[in-house]
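Hello,

Here is the structure I promised to pass on to you. Have a look at it first, and then read on for what I found.

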Amino acid sequence: RVLRPSPQRSPPPEQPQPPRPPPKNAGYAIPGPMYPPKPSMHQAKVYVTVVEGAGMPQTDPDGACDAFCEVFLEASRYELAYGRTSACPNTARPVWNEQLMYGVDADQVSLVDLKVVLMDWNADGKNRFLGQLRKVPLTELMHNRRMDVWLRTMATDDAGRPLDHPGHDLDLDKCIVHLVLEYEAPLVDAAVGSVLLDPTQPPAAV
């Protein structure tokens with residue numbers, strides 16, 4: 001009698017398991033800064049240093065907040081230039097110390113405002129609005145040359161209208177951001193192409 005091996009039964013196919021949601025920020029890189037286009041010699045330069053913030057709300061169940069700032073130059077609510085800081089993970093007191101440089105035509109300075117929006121970064125791409133700071137007219141910065149200010153988030157825009165963003169359920173009136181703003185006149189007159197003299201410096205000897 002010849003013994004033959006019994007046929008082996010193949011194991012039942014594994015049932016696919018639903019993917020587990022990743023923990024907060026796991027496998028995701030915290031986004032770095034995004035810089036606006038480099039200004040030309042014919043444009044005035046606006047330097048925006050976003051130093052730090054305080055009073056960030058608890059936007060996540062674990063009490064964390066990954067705050068970053070979006071910085072705009074706008075005229076008549078039309079955005080001319082955009083930049084942003086990196087996100088500071090899991091803190092109510094973020095420290096950025098990041099500088100963004102913007103260019104604006106000298107004859108347009110009186111029409112342009114600087115706007116800073118505070119956001120909470122989320123790994124799923126659904127960043128949350130935390131508030132908008134008081135706008136700074138560039139004419140104010142041009143006259144002062146340098147401004148070192150702490151600005152608070154607002155629930156309304158400059159016209160008193162409620163900001164059309166979610167986030168009013170958060171305690172936003174405690175969010176403040178430290179900014180250092182600097183203005184530098186253009187080096188070259190765009191109309192004639194000649195080098196402009198800096199009025200803050202003494203004239204060269206002849």
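A good place to begin is Glu98, which sits in strand β4. Please keep in mind that this is a predicted model.

Is Glu98 buried or exposed? Its relative accessibility is 16%, and because the cut-off for buried is under 20%, Glu98 counts as buried. Its side chain makes a polar contact with the side chain of Ser86, at 2.4 Å. If you set aside the neighbours within four places in sequence, Glu98 is in contact with Pro33, Val48, Thr49, Val50, Thr85 and Ser86.

Next, find Leu179. It lies 81 residues from Glu98 along the chain, yet the C-alpha atoms of the two are separated by 10.0 Å. Again leaving out neighbours within four places in sequence, the contacts of Leu179 include Thr49 and Val50. Others on its list are Val116, Leu133, Met147, Asp148, Val149 and Leu151.

Leu179 also leads us to the largest nonpolar core, which has 35 residues. Leu118, Leu138 and Leu179 have the most contacts inside it. Which elements supply at least two residues each? They are the strands β1 (43-54), β2 (67-75), β4 (95-105), β5 (113-120), β6 (128-133), β8 (146-154) and β9 (176-184), together with the helix α1 (138-144). Of these, β2 gives the most to this core, with five residues.

There is also a second, separate core of seven residues. Among them are Phe68, Phe72, Met119 and Phe129.

Enjoy exploring, and write back with any questions.

Best wishes

Key. Residues are numbered from 1 along each chain as its sequence is written. This is a predicted model: local features need pLDDT of at least 70, side-chain atom pairs count only at pLDDT 80 or more; totals for chains, interfaces and linings use all residues. Side-chain values use heavy atoms; hydrogens and water are left out. A nonpolar core is a set of buried Ala, Val, Leu, Ile, Met, Phe, Trp, Tyr and Cys residues joined through side-chain atoms within 4.5 Å. Buried means under 20% relative accessible area, exposed over 50%, partly exposed in between (1.4 Å probe, protein chains only). Helices (H or I, at least four residues) and strands (E, at least two) are DSSP runs, numbered from the N terminus. Contact means heavy atoms within 4.5 Å. A polar contact is a pair of N or O atoms within 3.5 Å; within protein, one must be able to donate a hydrogen and the other to accept it, and residues adjacent in sequence count only if both atoms are side-chain atoms.
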